[in-house]
Amino acid sequence: MKNIHFKKIILLLLIVVGQQVLAQNKKVKSVSHDALTKAGTYTEYVSKGGATVKVGDSLQISNPSNFERYMYITQNDAYLRADNMNKKLKVKAINVSGDDKKGYTVFFTCKGLGATPVFVRYEDALQTNEIKLLDQDNTNLQE
């Protein structure tokens with residue numbers, strides 16, 4: 001009888017420990033525009049204007065800054081054309097590149113315009129109204 005209880009306790013412990021081992025803790029790596037000190041990949045970005053952008057958030061392509069194309073939105077190593085106006089992008093990764101000497105730039109890797117990713121130089125695109133950050137209801141957070 002004791003052997004059966006012992007086996008049940010061992011089995012219960014294995015299940016609990018197994019769940020803890022297999023559970024993945026999603027860590028939030030946040031970076032602020034005012035505190036860009038190293039290159040890397042992040043899950044959250046606090047912009048110059050104070051808005052928080054997270055992986056999974058939506059952006060809407062707005063007006064091209066050069067009439068025919070966007071200066072800060074690229075796909076396939078080419079500037080995005082103006083016929084993509086009002087389309088939505090989903091942020092897949094937040095990347096910071098650069099160094100202390102030249103400064104740091106925040107790039108978003110986005111999905112939404114076919115199989116190849118779209119890269120957005122966020123602060124510049126936001127400042128020139130090439131992009132707008134949307135909330136979950138797809139209404140504007142920033143203008």
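Here is a quick tour of a sheet, a core and one buried residue in this structure. It's a predicted model, so local features need pLDDT of at least 70 and side-chain atom pairs count only at pLDDT 80 or more, while totals for chains, interfaces and linings use all residues. Residues are numbered from 1 along each chain as its sequence is written, and side-chain values use heavy atoms, with hydrogens and water left out.

**The small print on strands and helices**
- Helices (H or I, at least four residues) and strands (E, at least two) are DSSP runs, numbered from the N terminus.
- Two strands pair if DSSP finds at least two bridges between them.

**The open sheet**
- Three strands line up in the order β1-β3-β4, with mixed pairing.
- β1 (30-32) and β4 (52-54) stand at the edges with a single partner strand each, so one side of each has no neighbour in the sheet.
- From one strand to the next, the twist averages 20 degrees (axes are lines fitted to C-alpha atoms, and angles run from 0 to 180 degrees between N-to-C directions).
- β3 (residues 44-46) and β4 pair in the antiparallel sense over three bridges.
- Glu44 has Lys54 in β4 as its bridge partner.

**The largest nonpolar core**
- A nonpolar core is a set of buried Ala, Val, Leu, Ile, Met, Phe, Trp, Tyr and Cys residues joined through side-chain atoms within 4.5 Å.
- This one has 27 residues, and Leu59, Leu89, Phe108, Val120, Tyr122 and Ile131 touch the most other members.
- Among the elements that each supply at least two residues are β8 (88-99), β9 (103-111) and α2 (122-127).

**Asn84**
- Asn84 sits in the loop between β7 (78-81) and β8.
- Asn84 is buried, with a relative accessible area of 12% (buried means under 20%, exposed over 50%, partly exposed in between, with a 1.4 Å probe and protein chains only).
- Not counting residues up to four places away in sequence, Asn84 touches Ile61, Tyr70 and Leu113, where contact means heavy atoms within 4.5 Å.
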